[in-house]
Amino acid sequence: MTTLLVDTSVLLKWFHGSGEAELAEARAIRDAHQRGDLEARIIDLAMYEVGNVLLTRLRWTASDIAGQLDDLVSICGTPLVATSGWLRDAAILGETHQLSFYDAAWAASARGLGIPLVSADAKLIAAGLAESPAVTARRLRLR
Amino acid sequence: MSKVMISLPEDLLRRLDSEARKRSMTRSGLLAAALQRELARRDPDAVAAAIARSEQRFRTAGSFEAADLVRADRDTAH
């Protein structure tokens, strides 16, 4: 079965619609995951990023944030934790592509797992380290 | 920690060891992680309910592009 690492920018599109680009493609990935046609995984960094966006950008209540993070685990399973090897690779990728360690950690985790990283983040896509939801949906013929 | 003896096909064992090396994990560690994942497998109804609750929470979140929020968060988090 195809497995993907889905980053925070895509995860949010799974639930939020207004103003979102590539919404249909992100939802197609979510729906395929829900049907069991593919497996979407997350890393622990997703929990921190989602929590931070909900807390500082969207000003959600603590209760709603906790509920959302619980639901994320229900949907994607327990987040994967970076190994020391992935973290070493993140440092190399960050240095090579002039990325922050946070950005590079996403790409290094996908590389460590040997699966594609799906992201709507222009910086990761421009560095050639992630593919957009549109590219993934087209490649997997989800739409 | 209990020790157990299990039987695995040779090919599966080779793949297990190869994956464990790739992840800098022990064979036992990877097996435990895989088992935990299998046992935690979501049932479709629970996933559907979690998605419905999530959509409901975001319904009043307003209009924005998630990638912009995440990028802003990533750029200010460090």
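1. Let me start with a pairing across chains: α1(A) packs against helix α4 of chain B (residues 66–76) at an angle of about 140°, their axes lying 8 Å apart. Axes here are lines fitted to C-alpha atoms, for helices over the stretch in contact, and angles run from 0 to 180 degrees between N-to-C directions. Helices are DSSP runs of H or I with at least four residues, numbered from the N terminus. That angle makes α1(A) oblique to α4(B) (under 35 degrees is roughly parallel, over 145 roughly antiparallel, 65 to 115 roughly perpendicular, and the rest oblique).

2. A note on the source: this is a predicted model, where local features need pLDDT of at least 70, side-chain atom pairs count only at pLDDT 80 or more, and totals for chains, interfaces and linings use all residues. Residues are numbered from 1 along each chain as its sequence is written, with chains lettered from A and ligands numbered from 1 in the order in which they are written.

3. Which residues meet here? From α1(A) come Thr8(A), Ser9(A), Leu12(A) and Lys13(A), and from α4(B) come Ala66(B), Ala67(B) and Val70(B) (contact: C-beta atoms, placed from the backbone, within 7 Å).

4. Within chain A, helix α1 (residues 8–15) also packs with helix α3 (residues 44–57), at about 60° and with axes 10 Å apart. α1(A) is therefore oblique to α3(A). Thr8(A), Leu11(A) and Leu12(A) of α1(A) touch Ala46(A), Glu49(A), Val50(A) and Val53(A) of α3(A).

Note on methods:
Helix = DSSP H or I, 4+ residues; strand = E, 2+ residues; numbered from the N terminus. Contact = placed C-beta atoms within 7 Å.
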